[in-house]
Amino acid sequence: MEIVIFPDAAAASRFAADVVEDLLRRRPTAVLGLATGSTPEPLYAELIRRHREDGLRFAGARTFNLDEYVGLPVDHPESYHAYMRRRLFDHVDLDPANVHIPDGLAADPAAECEAYEDAIQDAGGLDLQVLGIGSDGHIGFNEPSSSLGSRTRIKTLTPETVADNARFFDSPDEVPRHVLTMGVGTILEAREVILLAFGAGKAPAVRRAVEGPLTASCPASALQLHPRARVILDEGAAGELERAGYYRWVFENKPEWQRP
Ligand code: PGA
């Protein structure tokens, strides 16, 4: 993995935007895997700015979101459908026909998950997957003990994730207990992955993902198997890494042709 450490989330998000922009300029029909949560908000804000000011186009791109809550109507403000419209889709030139998010209201969730996997395959696979990380080490909603070969399916959230996400709802009781999420195996098949983490609260999970053993107890550690995974951090999230100095040295000495 490449570990890239920035002074703050704003600088880290600009670098993540460089990765997305670089892909879209090379491949306007790129297939993007997108994430929700508070972490990618500054990335999406920067992409919107580049769309408006620098002519960054999304018109040919296809998108697949990682996950969705089960049981929330798409117009519920905390559904990931609503989040994506608010944070990105309503502000760029993406074709709504090219946008995919699991349907958390599907009558047959297993069939919905299978169709979602098929749609990713039909699009040619994910070119770039954007990820956050949960304080329990999840990616997407692949909670600890998720099979590292898992595919899109229904999952039950851990109490830790319910508590983490309660800030978006009026009370913890309102946080849905179930989600549809791409699997770890689905994520690992993306041709390129960027994982973003900001703040000291994420530092223990980042340490386990990057420097801990490969284990289903920390699903993000599966990225150690990925040939093109970048972990993009601010100082806080990097605060518990033993080899932070080495990661900085590698990045500073990177040849220009390998950037971003
Ligand atoms: P957050 O969530 O960005 O809201 O911290 C990240 C995640 O749960 O993957």
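This passage describes the two largest pockets of a predicted model and the surroundings of its ligand.

The largest pocket encloses about 370 Å³ of space, and its lining is made up of 23 residues, among which Thr 36, Gly 37, Ile 133, His 138 and Asn 165 lie nearest the centre. Helix H5, spanning residues 159-165, gives the most to this lining, with 3 residues. When the lining of the largest pocket is sorted by class, 11 residues are polar, 8 are nonpolar and 4 are charged.

The ligand sits in this largest pocket, where the residues surrounding the ligand are Gly 37, Ser 38, Thr 39, Gly 132, Ile 133, Gly 134, His 138, Arg 167 and Lys 202. This shell comprises 6 polar, 2 charged and 1 nonpolar residues. Polar contacts to oxygen atoms of the ligand include one from a polar backbone atom of Ser 38, at 2.9 Å, one from an N or O atom in the side chain of Thr 39, at 2.5 Å, and one from a polar side-chain atom of Arg 167, at 3.0 Å. The ligand taken alone exposes 280 Å², and 86% of that area is buried by the protein.

The second largest pocket has a volume of about 150 Å³ and is lined by Met 1, Glu 2, Glu 192, Val 193, His 226, Pro 227, Arg 228, Ala 229, Arg 230, Lys 254 and Gln 258. By class, the lining of the second largest pocket contains 5 charged, 4 nonpolar and 2 polar residues.

Technical notes: Residues are numbered from 1 along each chain as its sequence is written. This is a predicted model: local features need pLDDT of at least 70, side-chain atom pairs count only at pLDDT 80 or more; totals for chains, interfaces and linings use all residues. Side-chain values use heavy atoms; hydrogens and water are left out. On a 1 Å grid over the protein atoms alone, a cavity is a set of points where a 1.4 Å probe fits but cannot get out, and a pocket is an open set with protein on both sides within 12 Å along at least five of seven lines; lining residues have an atom within 4 Å of a point. Grid points are joined across faces, edges and corners, and a volume is the space filled by probe spheres set on the points. Helices (H or I, at least four residues) and strands (E, at least two) are DSSP runs, numbered from the N terminus. Ala, Val, Leu, Ile, Met, Phe, Trp, Tyr, Cys and Pro count as nonpolar, Asp, Glu, Lys and Arg as charged, and the others, Gly among them, as polar. A residue is near a molecule or strand if one of its heavy atoms lies within 4 Å of it. A polar contact is a pair of N or O atoms within 3.5 Å; within protein, one must be able to donate a hydrogen and the other to accept it, and residues adjacent in sequence count only if both atoms are side-chain atoms. Accessible areas come from the Shrake-Rupley method with a 1.4 Å probe; for residues, only the protein chains shown count as cover. A molecule sits in a cavity or pocket if more than half of its atoms lie within 2 Å of its grid points.
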